[in-house]
Amino acid sequence: MARIDELRLMAKVARMYHEQGLTQTEIMERLNIHQSTVSRVLKRAEKEGIVRVILSVPSGTHPQLEEALQSAYGLEDAVVVDCVDDEDQIVRDLGAAAAFTLESTLKPGDVIGISCWSAALLAMVDAMRPTQRALGARVVQILGGVGSPGAAVHATIVTRRLASLISAEATLLPAPGVVGSADAKRVLMKDRYVQDALGLFKSVTVALVGIGSVEPSRMLASSGNIFSNQELKLLGGRGAVGDVCLRFFDAQGQPVITPLNDRVISMELNELRRVPRVIGVAGGRRKLNAIRGALAGKLVKVLITDLASAERLLAGNAEAKGAAKAR
């Protein structure tokens, strides 16, 4: 137990610091004691119960769930968003959360890769505000942005508007995400402007990706960058649960290798894993297995998802660990 004179000093320093708002330097000068003493006294004040820290978590935030996701799946960060159970609303809410996350973490000179056929990333750009945090940055499409005339505008809008909002240069990938044959891909890969975009892949520092289920989203389907029903059945038969940049993976997040890969123009999964910061934005029951597979394969380092999906991901992870122990 501290002596009364020590307790008196703790109470005085704690009051000056926490109630009067003085800095440690100002307390040092007023009391004529060393700054290291001020710091030590404040720590002891907490230990003695003179100062008690009470964290009041705001309604609608879920820091414990976010920490649990980080721990369970080895994520650098997780953002869990309260959403109603409506796919369109989930997309808008996740897009708004992704906008804030990106605005808060951009750095000068970043090379931002974006998977342009994602409704959530389109919603992200709609929600963003102009920022000067990323001076000298560049935005590059990491999935072919050419599609049907009615939908291709979305891919261009996502890339160009993001670049405009952060005062960056935009580099488009002027090719379809899916082409008709491997020969067609080989021809397009020789195009100078396609080569310019592909050459930037190795320099990407932040990748923004949607996580798709095997069944394509409405936005992707409208773009024409999809495989036939027969081809999708082939992927399902090989164990595919989802895709990032139209690169399909299984429940463990490993690439599903089929001849269809030779018709896709985008960043490959192994390239994506080498990107320092990959932000995956996805939610909803339809995408649960795809999200789980992407996390298992370490395809994303930051996950932005809805509350219900977060809870299901954690419940599924706990069940898998329990089954493994039982074996």
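By contact I mean heavy atoms within 4.5 Å. With that understood, let me begin at Leu69. The structure before you is a predicted model. Setting aside neighbours within four places in sequence, Leu69 is in contact with Gly74, Leu75, Ala78, Val80, Ala310, Leu313 and Leu314.

Leu69 brings us to the nonpolar cores. The largest nonpolar core comprises 44 residues, and Leu69 and Ile211 are those with the most contacts inside it. Which elements give two or more residues to this core? They are the helices α4 (63-73), α9 (192-200), α12 (269-273), α13 (288-296) and α14 (307-326), together with the strands β1 (77-81) and β5 (206-210). The largest share, five residues, is supplied by α13. There is also a second, separate core of 32 residues, and Ile112, Val125, Val281 and Val302 are included in it. As general background, nonpolar side chains in soluble globular proteins tend to be buried together.

I turn now to helix packing. Two packed helices are described by the angle between their axes and the distance between the axes. Consider α1, residues 4-19, and α3, residues 35-47: their axes lie 9 Å apart, and the packing angle is about 100°. Angles of 65 to 115 degrees count as roughly perpendicular, and α1 and α3 are therefore roughly perpendicular to each other. On the α1 side, the contact is made by Glu6, Leu9, Met10, Val13, Ala14, Tyr17 and His18. On the α3 side, the residues are Val38, Val41, Leu42, Arg44 and Ala45. Sorted by class, this contact of α1 with α3 has nine nonpolar residues, one polar and two charged.

The second pair is α5, residues 87-105, and α6, residues 119-127. Their axes come within 7 Å and cross at roughly 60°. How are α5 and α6 oriented to each other? They are oblique, because an angle of roughly 60° falls outside the ranges for roughly parallel, roughly antiparallel and roughly perpendicular. The crossing of α5 and α6 is right-handed. From α5, the participants are Val91, Arg92, Gly95, Ala96, Ala98, Ala99, Leu102 and Glu103, and these meet Ala119, Ala120, Ala123, Met124 and Ala127 of α6. The residues of this contact divide into 10 nonpolar, one polar and two charged.

Finally, I should like to comment on three individual positions. Val51 is located in the loop between α3 and α4. Is Val51 buried or exposed? Its relative accessible area is 13%, and the limit for a buried residue is under 20%, so Val51 is buried. Not counting residues up to four places away in sequence, Val51 touches Ala14, His18, Ala45 and Glu46. Of these, Ala14 and His18 of α1 and Ala45 of α3 also take part in the contact between those two helices. Val51 and Thr131 are 80 residues apart in sequence, and their C-alpha atoms are 39 Å apart in space.

Leu246 occupies the loop between β7 (242-244) and β8 (247-249). With a relative accessible area of 4%, Leu246 is likewise buried. Along the chain, Leu246 and Val264 are 18 residues apart, and 7.0 Å separates their C-alpha atoms.

Tyr193 lies in helix α9, one of the elements named for the largest core. Tyr193 itself counts as partly exposed, at 49% relative accessibility. Apart from its neighbours within four places in sequence, Tyr193 is in contact with Leu172 and Pro174. Ala175 is 18 residues from Tyr193 along the chain, with a C-alpha separation of 9.2 Å.

Methods:
Residues numbered from 1 in each chain as written. Predicted model: local features only at pLDDT ≥ 70, side-chain atom pairs only at ≥ 80, totals over all residues. Heavy atoms only, no water. Axes fitted to C-alpha atoms, helices over the stretch in contact; angles between N-to-C directions. Helix = DSSP H or I, 4+ residues; strand = E, 2+ residues; numbered from the N terminus. Left-handed = near helix turned anticlockwise from the far one by under 90°. Nonpolar A, V, L, I, M, F, W, Y, C, P; charged D, E, K, R; others polar. Parallel < 35°, antiparallel > 145°, perpendicular 65-115°, else oblique. Core = buried A, V, L, I, M, F, W, Y, C linked by side-chain atoms within 4.5 Å. Buried < 20%, exposed > 50% of the residue type's maximum accessible area, 1.4 Å probe, protein only.
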